[in-house]
Amino acid sequence: MIPELTKPSVCMKDPQKVQQIMDSMVQAGSNTLQVISDFDMTLTRFEHNGKRCPTCHNILENSKVISDDGKQQLKQLLNTYYPIEIDTSLSIEQKLPLMVEWWTKAHELLVRQKIKKDLLSMAVCESEAMLREGHRLFFDHLLEHSIPLLIFSAGIGDILEEVIHQAGVFHPNVKVISNYMDFDESGVLKAFKGELIHIYNKREGALLNTGHFQELRMRPNVLLMGDSLGDLNMADGVQDMENILKIGYLNDKVEERKRSYLDSYDIVLIKDETLEVPNAVLHYLTGNK
């Protein structure tokens with residue numbers, strides 16, 4: 001067993017199964033591996049020094065590009081819908097229309113703010129967004145071994161890319177599926193492009209992007225990383241999957257959600273702000289034991 005998997009923050013329902021999946025992947029070789037990850041609160045930190053870190057939407061909401069009135073309205077949306085998102089007594093089917101409502105209202109509000117494209121990098125630069133500790137090793141190791149990384153996010157693609165660019169790790173093996181802004185010819189936000197991606201329709205997003213998965217059909221082994229139960233569907237577009245190892249970050253509401261995470265993810269990381277475990281797993285899978 002990898003030493004990092006014995007950390008107190010690591011929980012596994014079936015350690016033997018985890019070992020079997022990893023050994024099967026090692027045997028197949030790292031050229032059969034792809035990584036599919038969520039972004040907010042998975043590749044980025046949930047909190048730092050006791051303070052919550054921002055999501056892609058928060059980065060915009062907290063920045064100078066949004067008016068005070070706009071900030072107030074976005075906060076009201078968060079206070080209304082976030083408790084629904086993490087309510088363990090509601091089914092995904094019950095939450096679904098409300099999540100669509102939340103994302104739609106938030107995006108309409110952002111469009112009304114007439115955000116300028118050239119202010120996005122400043123918004124990210126001035127924010128407290130942080131990739132998890134060990135991110136450089138994670139991104140660089142995947143590049144070094146030519147392993148594709150698909151980042152699947154219900155956040156804002158333009159902001160997400162800027163966070164990774166500013167960290168200096170937006171390598172050519174990285175592809176992003178997310179909500180992208182559509183700017184008019186003078187660089188002002190006029191809409192969001194394409195289908196809305198929210199926390200519970202990543203499966204549909206995966207199936208819409210069949211071209212991406214078609215290109216990767218020789219990579220039937222998947223390391224999946226997420227922080228919500230909605231993230232478990234991100235690999236549904238993978239063709240002829242052989243093995244999947246699912247790593248889940250359980251960032252808050254630990255006691256209420258621990259059971260459902262252990263039932264769904266192979267490895268559950270409890271209040272772990274690092275990429276230490278995914279990095280150790282990747283090193284194992286690429287033969288750098």
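A charge is said to sit over a ring if NZ of Lys or CZ of Arg is within 6 Å of the ring centre and within 35 degrees of the ring normal. In this predicted model, the charged end of Arg132 sits over the ring of Tyr249, at 3.8 Å from the centre of that ring.

Aromatic rings also meet one another here, and the count comes to four aromatic pairs. In one of them, the rings of Phe138 and Phe139 have their planes at 85° and their centres 5.5 Å apart, so this pair is edge-to-face, and both Phe138 and Phe139 are buried. Tyr261 and Tyr265 form another aromatic pair, which is tilted, with 35° between the planes and 5.8 Å from centre to centre; both Tyr261 and Tyr265 are likewise buried. Elsewhere, one aromatic cluster is formed by Tyr81, Trp102 and Trp103.

The backbone offers a further topic, with two lysines set side by side in the table.

| Residue | Phi | Relative accessibility |
|---|---|---|
| Lys114 | about 50° | 58% |
| Lys253 | about 50° | 38% |

Lys114 has a positive phi although it is not a glycine, and this residue is found in the loop between helix H4 (92-112) and helix H5 (120-125). Because its relative accessibility is 58%, Lys114 counts as exposed. Lys253, which is not a glycine either, also has a positive phi, and its place is in the loop between strand S10 (243-250) and helix H10 (254-264). With a relative accessible area of 38%, Lys253 is partly exposed.

Definitions and conventions
Residues numbered from 1 in each chain as written. Predicted model: local features only at pLDDT ≥ 70, side-chain atom pairs only at ≥ 80, totals over all residues. Heavy atoms only, no water. Phe/Tyr/Trp six-rings, centres within 6.5 Å; stacked < 30°, edge-to-face > 60°. Buried < 20%, exposed > 50% of the residue type's maximum accessible area, 1.4 Å probe, protein only. Helix = DSSP H or I, 4+ residues; strand = E, 2+ residues; numbered from the N terminus.
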